[in-house]
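Here is a friendly walk through one protein model and the ligand it holds. Take a look at the picture before reading on.

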Amino acid sequence: MANVNTQADLMDKLGSLCKRRGFVFPSSEIYGGIGSTWDYGPLGAELKMNLKRFWWDAMTNRRDDIEGLDAAILMHPKVWHTSGHVAEFTDPLVDCKKCKRRYRADDPALKSGKCPECGGELTDARKFNLMFKTFMGPVEDEAAVVYLRPETAQGIYVNFLNVKNSSRQKIPFGIAQIGKAFRNEITPGNFIFRTREFEQMEMQFFIHPSEDEKWFEYWREQRWNWYQALGINKLRLRWHQHGEGELAHYAKAAYDIQYEYPFGWQELEGVHNRTDFDLGRHMQATSKDLRYSDERYTEKFIPYIIETSAGCDRTLLTILVDAYDEIEVKGETRVFLRISPVVAPIKAAIFPLVKKDGMPEFAEKVYQELKKKFKVFYDESGAVGRRYARMDEAGTPYCITVDGQTLQDETMTVRDRDTMEQTRLKLPQIAEFLEKKVSGQ
Ligand code: GAP
């Protein structure tokens, strides 16, 4: 068996696998698609759900110091003036005077100073705000403008008092949220890497200002470890520290976790020290006292915020890129998606070796039993080798086969997708084994 995977055409192969197997489809495809939005199919939706659960568990359920939140996408428009997004959340944009194409002014393809498509002259750079606007209510005028949130973070800041008071948390504590965000990106692309509609998994940790460096380091380490627990190859991960010119308008310090995609090293998640910028600005704009105090402190203070901000779709892409493997078996190229059992869409497939001698009936019972706890799949069609191959491609880590011996002693083979090892186990042991693997042990 030889590994035939190369990076060069990986994105194309991944795109077609995702379509074929039902991970990701181009949005509104029967209308010709719409730029840069994607729909998750049956396997993709399952994977995304598992990924969000994995993040949510790590951030909230396994901790005592972080609360969850699910804030609205549409917020008071003043939020975005206060946060600085109306004035600052811009990309520099240039237009080609001839063919009217638009580019980000910092696009490396513009090195020559001419349009890379038609050689036409380019306009001067101007600021382009990335927020989508819409109208609230029946009148479409300036007074009715609202924005689709470009980050979920602001929903957390404006609820700081609500969450603190209702949960009785004391500093240091965090608020976590998963939800949609929208950016009118000038150059979306690379499949689901940069899109105009996407989901974020953000956590804001509220601390005393004197402890910002300690907590910044703590969260960098936590987030790095989370990607390891997700099964991402750590040789393809690295830190990138933001220089002066790169820092977002709210940040004092920022590090990105980058991944080495087939199109280069790119940001996967940002860890930011947002200081008291956001709460300070909201306090000024609303005259609400967002300062914190308890018996441990002599003076009230505006908490500093350490933010961890991950893209859900981008992490999903990372899982797929990292998991994609091709192996040549007897002249045939076989695809394996080596997705960790903790997030794999289907945890196990159950096969009768042949469609006779009571094997399908036994396998069906096993399927019905395991289905109570796990996402499993029953398949009796075609040669067993083909069935294995279909599951390898879908990222299913285990295949359970009912064979002649099963009918004698109730043991079944459990085949591991990555080691190809087969172990014989009875149903209660299989359930225990899956439980362990799915919970990351
Ligand atoms: N609240 C801070 C914030 O939004 P960001 O670095 O602009 O920070 C955080 O975004 C994460 O959101 C990124 O690391 C990326 O994973 C994801 N993200 C940002 N823009 C995206 C886009 N257009 N498409 C997909 N994911 C995106």
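What follows covers the ligand, then one serine beside a glutamate, then one helix.

A quick word on the ground rules: this is a predicted model, where local features need pLDDT of at least 70, side-chain atom pairs count only at pLDDT 80 or more, and totals for chains, interfaces and linings use all residues. Residues are numbered from 1 along each chain as its sequence is written, and side-chain values use heavy atoms, with hydrogens and water left out.

**The ligand**

Let's start with the ligand, which has 22 residues around it (a residue counts if one of its heavy atoms lies within 4 Å). The closest are E151, E185, E202, E267 and E307. By type, this shell splits into 10 charged, 6 polar and 6 nonpolar residues. Here, Asp, Glu, Lys and Arg count as charged, Ala, Val, Leu, Ile, Met, Phe, Trp, Tyr, Cys and Pro as nonpolar, and the others, Gly among them, as polar.

Three polar contacts (pairs of N or O atoms within 3.5 Å) to the ligand are worth a look:

| Residue | Polar atom of the residue | Ligand atom | Distance |
|---|---|---|---|
| E202 | side chain | nitrogen | 2.5 Å |
| L268 | backbone | oxygen | 2.9 Å |
| F193 | backbone | nitrogen | 3.4 Å |

On its own the ligand exposes 550 Å², and the protein buries 93% of that (areas by the Shrake-Rupley method with a 1.4 Å probe). Strand 11 (197–207), strand 14 (264–275) and strand 15 (304–311) each give two or more residues to the shell. Strand 14 gives the most, with 6 residues. Strands here are DSSP runs of E, at least two residues, and helices are runs of H or I, at least four, numbered from the N terminus.

**S309**

Now for S309, which sits in strand 15. Is S309 buried or exposed? S309 counts as buried because its relative accessibility is 10%; buried means under 20% and exposed over 50%, with a 1.4 Å probe and protein chains only. The S309 side chain makes a polar contact with the side chain of E202, at 2.5 Å. Leaving aside residues up to four places away in sequence, S309 touches Q200, M201, E202, E269, G270 and H272 (heavy atoms within 4.5 Å).

**Helix 6**

Last comes helix 6 (residues 160–167), whose buried residues are F160, V163 and K164. They lie on the same side of helix 6 because they cover an arc of only 100° around the axis, taken from the directions from the helix axis to the C-beta atoms. On the other side, N165 and S166 are exposed. The cover over the buried residues includes strand 4 (66–69), helix 5 (153–157), strand 10 (173–182), strand 11 and helix 8 (277–286).

Note on methods:
Polar contact = N/O pair within 3.5 Å; in protein donor to acceptor, adjacent residues only side chain to side chain.
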